[in-house]
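Biologist: Can you walk me through the charged pairs and the cysteines in this one? Please show me the structure before we start.

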Amino acid sequence: LDTTTTTTTTNNNNNNIPNGRLLGHRDSVEQLRFSPVHTDELVSVSSDKTVKFWDVRQKKEVQSIPTHGENINVAWSPNGKTVCVGDKNDTLTFIDCTTMRAVKTASGKEVEVRHRKPISRKVFKETEVNEFAWDREKESEKFFVLTGDGKVQCNVWDETKHTIKNVHEFVAHTGGCYTIAFDPSEKKTHFAIGSADSLVSIWNIPVGYMCLRTVARHETPVRTVAFSHDGNFLASASEDDFIDICDPVSSKRVCEPIFVRAPMNALAWHPKTHALAYAGDQEDLNKRKREALNLDEDLDAKASRMEEEERGNAGGRGGASMEENDRDDNRRRRSGNIKPNVNKVQQVEGIVRLWIPKLVVDE
């Protein structure tokens, strides 16, 4: 597991060029986020029980804050005033990023610098806490927490008292809710949740959090979801060997699946164009997938067997559902009989992989 953070820039040829390594964590870096208001400010959380803030321009750590547990998740409030950190003990720590203090420079000049500090903690008893997020309104008070029993807790964040209050919760999935993403566009009409039940649910914000559709093409727990900058694409990744990209309105695929060799942990769209970066494990995918699905045979062998069974039973039952057809299509592509259409999806190599999906036009 990597203890470093690498920053990259994209050149005119869409190649990712590493421009700095941020060293300081003593254990694996679990998650990182750029500030929504200061583009050169980055926060990272680690299992080493610290939260670190970085100046990307100077490529240096500007502040480290110790926490009580091994950190796994982090989120900025949309106005950039607060950072929330979640640890393995199901505790949320809120950090104020607005406090300033005076320091003296080497020349003796006194200047004010930002001095971030923890302001409150929220301990969840008998509740597994996964990802969390504010919605995308600039001064939002809405704070969502995903739990291991398939629920979404809707909280009100009080920026003055530095507290959250649970005002509502609803069951979103039959398995634990792992990851959440909001539509970052001006429309702000959708948010998506990925779950241990292998589904991605797409919710409508203006009508009171109504589930509109689900993406059922994954076969293992969904680890990460992400909207494109304009809200037109929704990417999702699980412990499967592909990344799915769909239209959040219809939930239909809009381009070829991106096939990968390891489970993906992170997806990130470019803030101005349709380019998707992703990163994941280095573990053997086939071994992990067989364990996750309780398989006792190779995936390709199973796909072939299932196709033979389908042909044998074709006359005895009705047609397959859309979800079954999608999953069968994944298996056929995985077996190598159907190769990804490189004319519709372009791959660019880099520190992380970058794909530029293009819409599939029906002929």
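Modeller: A salt bridge here is a side-chain nitrogen of Lys or Arg within 4 Å of a carboxyl oxygen of Asp or Glu. Keep in mind that this is a predicted model.

Biologist: How many salt bridges does the structure hold?

Modeller: There are eleven.

Biologist: What does glutamate 159 pair with?

Modeller: Glutamate 159 bridges to lysine 81, and their closest N and O atoms are 3.8 Å apart. The two sit in distant parts of the chain, 78 residues apart. Glutamate 159 is in the loop between β15 and β16, and lysine 81 is in the loop between β7 and β8.

Biologist: Are those two buried or exposed?

Modeller: Glutamate 159 is partly exposed at 29% relative accessibility. Lysine 81 is partly exposed too, at 33%.

Biologist: And which residue does arginine 223 bridge to?

Modeller: Glutamate 239, with the closest N and O atoms 3.7 Å apart. Arginine 223 counts as buried because its relative accessibility, 19%, is under 20%. Glutamate 239 is buried as well, at 13%.

Biologist: What about aspartate 244?

Modeller: Aspartate 244 forms a salt bridge with arginine 253, at 2.7 Å between the closest N and O atoms. Aspartate 244 is buried, with 0% relative accessibility. Elsewhere, Asp40, Asp55 and Arg57 are joined into one network by salt bridges that share partners.

Biologist: Now the cysteines. How many disulfides are there?

Modeller: The count is zero. For cysteine 255, the nearest cysteine sulfur belongs to cysteine 246 and is 9.7 Å away. A disulfide needs the sulfur atoms within 2.5 Å.

Biologist: Is cysteine 255 buried or exposed?

Modeller: Buried, at 3% relative accessibility. Cysteine 154 is also buried, at 7%.

Methods: Residues numbered from 1 in each chain as written. Predicted model: local features only at pLDDT ≥ 70, side-chain atom pairs only at ≥ 80, totals over all residues. Heavy atoms only, no water. Buried < 20%, exposed > 50% of the residue type's maximum accessible area, 1.4 Å probe, protein only. Helix = DSSP H or I, 4+ residues; strand = E, 2+ residues; numbered from the N terminus.
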